[in-house]
Amino acid sequence: MAISVKDGSFNFVSGNGSVIIENGKVIKNDKEKMKEIEQKKSIYAENIRIIKVESCSADLQVICVNKISEIKAILSGNVNKDSNIELRVIEKENEINIFINSDKGYRSTGLKLCVFIPKIEYEKVSLNSVSGNISLSGDFYSDKIKLNTASGNMSVLGRVHTARLNADLASGSIKVDKDVMADKIKVDCTNGNVKIDVNAKKDIEIKVDTVSGNTKINLKNIGKLKLITDVMRGNVKDNFNKKGEFNALVKLSTMYGNIEIK
């Protein structure tokens, strides 16, 4: 719950909406002006190789599902009743763009965009959010994966295969699961924690830059590690246990935060 004060009024904002109290009386209750929505779109995916999703303020979840032939998007949650929010899906050649459209803005609670993708090889998967969480999971390959959010947490889970995984966060934390297989992982995080678990099946390169936050890297099946760290204020704990057949190049930098590698 958030509370703000303006001109003698108290504005309470919670997950159920907004209530404005002035001189002890309720003068506005946004909960009464919200509507529940569920919009669905789908498109045949045989020729799609590039996926771009813009979720704005909605939490974004992208899941790879076996034995489906369509890309399916579902937008659900609560928005203000006078909004004209619309889930849009645009296909152009081998690319699909999924985004939320509204020509006059909207307020929302519990807004979520779920995208189900089939198990095929992609050239690029790009997921973007302004103020929502991003989750990517499943068993599929994409040459490039790019995640971006101004304010929100990220997670990459399951047997996601990629040559390059790039993540940019202004405020939020990120977790990369041990089953994720990437040649290169690059994370830029202004304010938040970074956790990357690696169960190597090949050589790997990891680069993490943060301004404020802790970084933790867990390495398995790595026989040779080249570690480069740059910390202005914080501690570096190197508990790496050499065991495995693959090589890792790890570059970690932070201004204010701790680094741990093992």
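## A walk through an all-strand model

By the rule used here, the count comes to eight salt bridges, a salt bridge being a side-chain nitrogen of Lys or Arg within 4 Å of a carboxyl oxygen of Asp or Glu. Before we visit some of them, a word on the ground rules. This is a predicted model, in which local features need pLDDT of at least 70 and side-chain atom pairs count only at pLDDT 80 or more, while totals for chains, interfaces and linings use all residues. Residues are numbered from 1 along each chain as its sequence is written, and side-chain values use heavy atoms, with hydrogens and water left out.

Let us start with the overall picture. The chain has 24 strands and zero helices; these are DSSP runs numbered from the N terminus, with helices being H or I of at least four residues and strands being E of at least two. Of the 262 residues in the chain, 39% are buried. Here buried means under 20% relative accessible area, exposed means over 50%, and partly exposed lies in between, using a 1.4 Å probe and protein chains only. About 13900 Å² of the chain is exposed, and carbon and sulfur atoms supply 45% of that area. Accessible areas come from the Shrake-Rupley method with a 1.4 Å probe; for residues, only the protein chains shown count as cover. Among contacts with a separation of 6 or more, 44% join residues 24 or more positions apart, where contact means heavy atoms within 4.5 Å.

Now back to the charged pairs. Side chains of opposite charge can pair when their charged atoms come close. One such pair is glutamate 95 with lysine 52, whose side chains meet in a salt bridge at 3.6 Å, N to O. Glutamate 95 sits in strand β10 (residues 95-101) and lysine 52 in strand β6 (residues 50-54), so this pair ties together parts that are 43 residues apart in sequence. Lysine 52 is partly exposed, at a relative accessible area of 30%.

A step along β10 from this salt bridge takes us to isoleucine 96. Is isoleucine 96 buried or exposed? It is buried, with a relative accessible area of 0%. Leaving aside residues up to four places away in sequence, isoleucine 96 touches Ile43, Ile48, Ile50, Ile51, Lys52, Ile71, Val89, Ile90 and Glu91. The C-alpha atoms of isoleucine 96 and isoleucine 51 are separated by 5.2 Å, although these residues are 45 apart along the chain.

Two loop residues deserve a look for their backbone angles. Glutamate 93, in the loop between β9 (86-92) and β10, has a phi near 55°, a positive value in a residue other than glycine. Its relative accessible area is 69%, so glutamate 93 is exposed. Lysine 67 also has a positive phi without being a glycine, at about 65°. This lysine 67 belongs to the loop between β7 (59-65) and β8 (70-80) and is exposed at 88% relative accessibility.

Further along the chain, lysine 202 and aspartate 183 form a salt bridge at 3.1 Å, N to O. Lysine 202 lies in the loop between β19 and β20 (204-212), and aspartate 183 in strand β18 (residues 181-191), so the pair ties together parts that are 19 residues apart in sequence. Both count as partly exposed, lysine 202 at 43% relative accessibility and aspartate 183 at 29%. Another salt bridge joins aspartate 209 and lysine 207 at 2.6 Å, N to O. Aspartate 209 is partly exposed at 23%, and lysine 207 is partly exposed at 28%.

Between β18 and β19 there is a loop that holds glycine 192, which counts as buried at 10% relative accessibility. Setting aside residues up to four places away in sequence, glycine 192 touches Gly172, Ser173, Ser212, Gly213 and Asn214. Its C-alpha atom is separated by 8.9 Å from that of threonine 215, 23 residues apart along the chain.

We finish on the surface, with two patches. Patches are made of residues with over 30% relative accessible area and no salt bridge, joining like charges within 9 Å and nonpolar side chains (Val, Leu, Ile, Met, Phe, Trp, Tyr) within 5 Å. Lys and Arg count as positive and Asp and Glu as negative, while His and the chain ends are not counted; the place of a charge is NZ of Lys, CZ of Arg, CG of Asp or CD of Glu. Lys175, Lys195, Lys237 and Lys262 form a positive patch. Of these, lysine 195 is in strand β19 (residues 194-199) and is partly exposed at 32%. A nonpolar patch is made by Val211, Met232, Met255 and Tyr256, with about 360 Å² of accessible area together. Valine 211 lies in strand β20 and is partly exposed at 35% relative accessibility.
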